[in-house]
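Hi,

Here is the structure I promised to pass on. Have a look at it first, and my notes follow below.

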Amino acid sequence: MALGERGRNATVVDIDLSGRLSSSERNAGGVRATWWQPVNIVLCRASIEYYEKIAAEVGFRQHGYLWLYDADTFTKALSHLDLQRQLGHPIEQLTADEVTRRVSEIDRLDGVAGATFAPRDGLINPNLLKQHYRSRSQELGASYLDRIFIHAIEPQSDEVRIGCWQADENLPEDGLMRLMAQDARDAQAKTGHLFELRAGALAICCGAWSPNLVKLLGVDTPTEAIRRQICVVDNRVTNLSGHGMIVDSSGIYFHNEGPHILAGYSPPGEPAGYSFKYDGEEFFLKEIWPRLYARMSCFERLRHVTGWAGLYAVTPDRSAIIGRLGPRLFEAHSFSGRGVTQSYGAGQALADLIARGGYEKLDASALGRERFQTGKLMPEELHI
């Protein structure tokens with residue numbers, strides 16, 4: 001979309017435009033600028049300002065983020081408040097007692113030293129946002145090619161040559177999984193054909209699958225695909241619809257979703273790998289319900305309804321990789337859980353770099369991959 005706004009013709013190539021294995025279809029929909037690194041705050045603030053303009057179209061609800069901290073993290077959070085406010089992110093400091101006054105259901109405050117509340121953060125429908133970008137970009141001239149697996153990338157002095165294989169029909173999900181994980185020997189595609197695309201530039205923006213494409217250039221990427229699980233919980237005892245995302249000091253995050261609660265938790269020992277296995281009620285009983293009940297006595301009786309698993313693409317410092325990959329080659333991926341949140345700002349920044357040769361209004365230079373060699377990392381601790 002941003003390239004079209006700058007008068008450039010864009011073609012989007014994807015193995016599955018429906019996004020069955022994409023994080024856009026599987027995340028909790030949280031949008032926040034509550035971060036600690038300036039570049040992340042700025043990109044998120046730019047995105048939020050855009051979502052405010054199209055709120056009805058993309059289901060953006062600005063009910064805020066309420067974040068509960070233990071003593072150690074609260075001290076660190078307070079040290080970043082001035083920076084956040086200076087960068088245009090309004091945020092309030094709350095005592096533990098003020099948390100209960102704001103959300104009366106939170107009646108157990110063991111281990112909570114304090115909290116912050118950011119009123120312009122909120123929740124969005126990621127699928128509607130994706131459809132907005134897609135339709136708007138098509139209005140600006142973008143084209144979309146589906147069922148295409150990229151097997152070669154050859155940068156030339158005046159163009160980039162992209163080797164493609166296109167399936168004649170949609171792949172089954174298990175075959176799609178094998179193909180995307182770079183095991184193309186048994187992708188269960190009946191027929192397909194090879195062809196070559198040529199472009200003035202190539203941007204790799206494939207989420208957790210991006211390292212596989214970057215590797216075609218002989219470049220390794222320090223990104224790991226990490227499974228994240230989300231539960232849908234039946235909630236008949238209270239109504240949290242007036243609140244946004246609540247993040248507990250235990251690491252669980254949750255928000256109201258119609259008659260249910262959507263809750264997620266990331267066990268620290270989760271191994272890396274492309275896994276979409278949802279552990280079902282066992283995960284709910286072990287990880288979700290105990291943490292909810294420990295914070296809210298009204299959640300004594302909750303019932304597991306359903307859930308799913310998706311992928312985070314996590315870097316060593318838990319910040320995205322955005323920038324120039326090589327001559328005529330660019331990238332924006334590995335958002336470590338904030339792809340939707342930063343999507344507009346990241347797209348605008350990268351489009352300037354591609355179309356105009358440098359960053360202009362939004363500077364994402366701090367997120368270039370060279371930081372992993374120079375040691376100028378962008379660590380984020382508020383990672384859920």
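To start with burial, 51% of the 384 residues in the protein are buried. Bear in mind that this is a predicted model.

On the overall build, the protein has 12 helices and 18 strands. Its radius of gyration is 21 Å, close to the 21 Å from the globule rule for 384 residues, so the protein is as compact as a globular protein of that length. The C-alpha trace spans about 65 × 45 × 40 Å along the principal axes. If you take the contacts between residues at least 6 apart in sequence, 75% of them join residues at least 24 apart.

As for the surface, the accessible area comes to about 16,900 Å², and carbon and sulfur atoms account for 48% of that. For the electrostatics, there are 42 positive and 48 negative charges, and their mean positions sit 1 Å apart.

The part I'd open next is helix α11, which covers residues 339-356. This helix bends by about 35° at G345. Of the 18 residues of α11, 13 are buried, so the helix is largely enclosed by the rest of the structure. Right after α11 comes G357, with a positive phi near 85°.

The loop leading into that helix is worth a look at the backbone level. Most residues other than glycine have a negative phi. Two serines here go the other way: S334 has a positive phi of about 60°, and phi of S336 is positive too, near 55°. S334 lies in the loop between β18 (329-333) and α11, and S336 is found in that loop as well. Are these serines buried or exposed? S334 has 1% relative accessibility and S336 has 3%, and with the cut-off for buried at under 20%, both count as buried.

One more spot, elsewhere in the chain: G122, in strand β6 (residues 122-123). G122 is buried, with a relative accessible area of 0%. Which residues is G122 in contact with, once its neighbours within four places in sequence are left aside? They are G29, G30 and V31, plus the run F60, R61, Q62, H63, G64 and Y65. By contrast, I106 is 16 residues from G122 in sequence, and the two are 19 Å apart in space, C-alpha to C-alpha.

That's what I have so far. Shout if anything looks odd on your side.

Cheers

Conventions. Residues are numbered from 1 along each chain as its sequence is written. This is a predicted model: local features need pLDDT of at least 70, side-chain atom pairs count only at pLDDT 80 or more; totals for chains, interfaces and linings use all residues. Side-chain values use heavy atoms; hydrogens and water are left out. The bend at a residue is the angle between axes fitted to the seven residues ending there and the seven starting there. Helices (H or I, at least four residues) and strands (E, at least two) are DSSP runs, numbered from the N terminus. Buried means under 20% relative accessible area, exposed over 50%, partly exposed in between (1.4 Å probe, protein chains only). The radius of gyration is taken over C-alpha atoms; the globule rule is 2.2 Å times the number of residues to the power 0.38. Contact means heavy atoms within 4.5 Å. Accessible areas come from the Shrake-Rupley method with a 1.4 Å probe; for residues, only the protein chains shown count as cover. Lys and Arg count as positive and Asp and Glu as negative; His and the chain ends are not counted. The place of a charge is taken as NZ of Lys, CZ of Arg, CG of Asp or CD of Glu.
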